[in-house]
Amino acid sequence: MADPAGRNWDQDLRHWMEAVDAEGALKTITGAETTEEIGGILDLYQRKMGNPAILFDEVPGFPKGHRVLANVLTSVQRINVALGLPADGSERDLVLWWRDYMKHAPKFAPETVATGALQENVVEGDAIDITSIPTPTWHEHDGGPFIGTGCMVVMKDPDDGWVNYGAYRVQTHGPKTASVMMSPGRHGRLIMDKYHARGEPCPVAVVAGMHPTLLMIAGLEIPQGVSEYDAVGGIFGEPVRTLEMPRTGIPVPANAEIAFEGYIHQDDLVEEGPLGEWTGYYAGGKRMQPAIRIETFMHRDEPVLLGVIPAVPPNDNTYYLGSYRSGAVWNQLEAAGIPDVKGVCAHEAGGSRLWLTVSIKQRYGGHSKQAGLIASQCYAGGYTNRWVIVVDDDIDPTNTNDVLWAMCTRFDPRMDMEQIDGAWSTSLDPMCYDGDTDKRNSRLVIDACRPWNRMDEFPIVARSSRELDDRIREKWAHVLPDGT
Ligand SMILES: Cc1cc2nc3c(=O)[nH]c(=O)nc-3n(C[C@H](O)[C@H](O)[C@H](O)COP(=O)(O)O)c2cc1C
């Protein structure tokens with residue numbers, strides 16, 4: 001089905017794979033096994049963003065066609081394809097697109113359909129075996145295979161029927177048992193607690209292979225009471241077509257690759273983890289987490305498991321969030337009344353959270369400090385931040401060298417540095433410490449702008465002006481290095 005702009009989403013992962021393959025950005029690898037080799041190959045691929053997505057097939061011990069897709073959203077091109085944007089659009093275009101998307105927040109309610117490709121295989125009772133899906137142990141020190149990494153964990157609020165889904169990791173513990181790790185405050189955890197407070201088990205569905213736009217929205221802070229399905233419909237420009245799972249009635253994408261449903265019973269916990277984390281460490285360790293007792297397992301013929309794997313950043317788990325978070329922080333600075341923000345970069349080295357660079361056109365004394373302090377505390381920027389760097393508008397915040405140059409040459413440690421203690425963090429932050437009931441951290445706001453009171457006399461920059469650059473490019477293009 002095509003949307004008004006003529007884009008044919010088809011809403012499933014295979015359609016996205018075809019589009020990415022047509023761009024030359026999908027590579028098939030055969031023969032790698034699940035305990036070490038798929039994860040090991042992936043780790044090497046992820047060390048540089050822009051490498052192709054990988055489709056693992058002919059996995060030893062599994063039927064040909066039972067596949068694992070990974071390294072998915074590690075290029076701007078593939079994120080663009082998922083969002084229906086021109087494949088060759090730049091990272092800045094993507095930041096601006098997220099800014100616009102968040103301002104208008106288009107919505108389209110999902111449509112329930114009776115049939116879908118997901119129903120090609122429906123397994124119930126003792127025949128259920130989620131270990132029939134090739135599921136890697138993604139890193140050497142992981143506690144086991146995780147079927148849910150780039151997944152959707154779908155639940156329905158028992159009070160008002162609000163359908164929420166989020167990306168929460170799901171470990172495989174056996175043919176009919178999985179676990180889910182939801183950090184405090186996650187909507188899924190709030191819904192689960194409501195069922196348990198009523199003395200009822202919490203119905204849940206897990207989707208482990210679907211169109212990447214469904215995944216992207218799973219990882220965003222969509223407000224309580226709003227369904228992620230509506231937000232994805234707003235991007236697709238048409239309703240997400242969903243099927244109701246047979247036992248729980250929880251809606252899942254009709255063309256999903258793999259899904260299962262079941263119940264989380266109160267105090268039914270299993271030892272979970274560890275899984276290498278988005279900060280690049282194992283800080284969370286092994287803990288007791290809610291078990292999912294599976295009652296129905298469904299998958300397409302030749303199913304594709306989607307893996308979106310955290311690792312030392314940049315990694316697939318956080319890379320796409322960089323352009324989103326840059327746009328979100330930019331919008332929130334504007335909403336707080338900060339004038340003349342020219343760009344924001346949530347740097348991949350910090351998992352798109354721990355490092356934010358904000359570029360401004362300085363308008364008044366204290367403007368840069370104000371921008372930095374707000375970026376470090378606003379909702380989109382405040383969670384697990386460590387560094388906020390504010391630079392002038394001649395610095396491209398995405399150019400690491402230029403940002404470091406500004407820090408080296410425009411920053412005075414005597415007055416341009418603010419330390420904030422006791423800020424919002426998580427146990428996944430290796431430098432967090434205990435707050436009263438939660439984890440906190442300390443962070444720095446660095447003002448690397450030219451000092452406001454020395455603007456007129458500050459040394460001029462030893463680099464050609466933009467105008468001279470343009471004249472030289474026009475006349476001397478044939479002698480200049482590629483990409484100049
Ligand atoms: C690939 C990926 C994996 C994630 N894994 C987890 C996880 O295991 N546990 C968790 O609490 N949050 C995880 N997150 C973050 C949540 O998905 C994110 O905070 C989201 O907004 C939660 O949805 P909710 O607001 O509906 O709770 C992950 C995000 C992504 C993109």
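What follows is a walk through the predicted model, from the whole chain down to the ligand shell.

Taken as a whole, the protein chain holds 12 helices and 23 strands. Its radius of gyration comes out at 23 Å, close to the 23 Å that the globule rule gives for 484 residues, so the chain is as compact as a globular protein of that length. Laid along its principal axes, the C-alpha trace covers about 80 × 60 × 45 Å.

The domain assignment splits the protein chain into domain 1, residues 13-306, and domain 2, residues 319-470. Measuring tape aside, the computed distance between the two centres, taken over C-alpha atoms, is 32 Å. Where the domains touch, domain 1 puts in 21 residues and domain 2 puts in 18. On the domain 1 side, the largest share belongs to helix H4 (residues 91-104), with 7 residues. Sorted by class, that side of domain 1 has 12 nonpolar residues, alongside 5 polar and 4 charged ones.

Next comes one of the sheets. Four strands make up an open sheet in the order E1-E2-E3-E17, and the pairing is mixed. In general, strands of a sheet pair through backbone hydrogen bonds, either parallel or antiparallel. Strand E1 (26-30) and strand E17 (304-306) sit at the edges, each pairing on one side only. From one strand to the next, the twist averages 25°. Helix H2 (residues 37-46) packs on this sheet and touches E1, E2 and strand E3 (67-70). The direction of H2 makes about 165° with that of E2. Looking at one pair in the sheet, E1 runs parallel to strand E2 (residues 53-57), and 5 bridges join the two. Within this pair, Lys27 stands opposite Ile54 in E2.

That leaves the ligand. Around it are 19 residues, of which Gly166, Arg169, Ser183, His187 and Gly219 come nearest. Two elements, strand E8 (163-166) and helix H5 (187-197), each supply at least two residues of the shell. As for chemical character, the shell around the ligand is made up of 9 polar residues, 7 nonpolar residues and 3 charged ones.

Terms used. Residues numbered from 1 in each chain as written. Predicted model: local features only at pLDDT ≥ 70, side-chain atom pairs only at ≥ 80, totals over all residues. Near = placed C-beta within 6 Å. Nonpolar A, V, L, I, M, F, W, Y, C, P; charged D, E, K, R; others polar. Pairing = 2+ DSSP bridges. Axes fitted to C-alpha atoms, helices over the stretch in contact; angles between N-to-C directions. Contact = placed C-beta atoms within 7 Å. Domains from an automatic or database assignment. Rg over C-alpha atoms; globule rule 2.2 N^0.38 Å.
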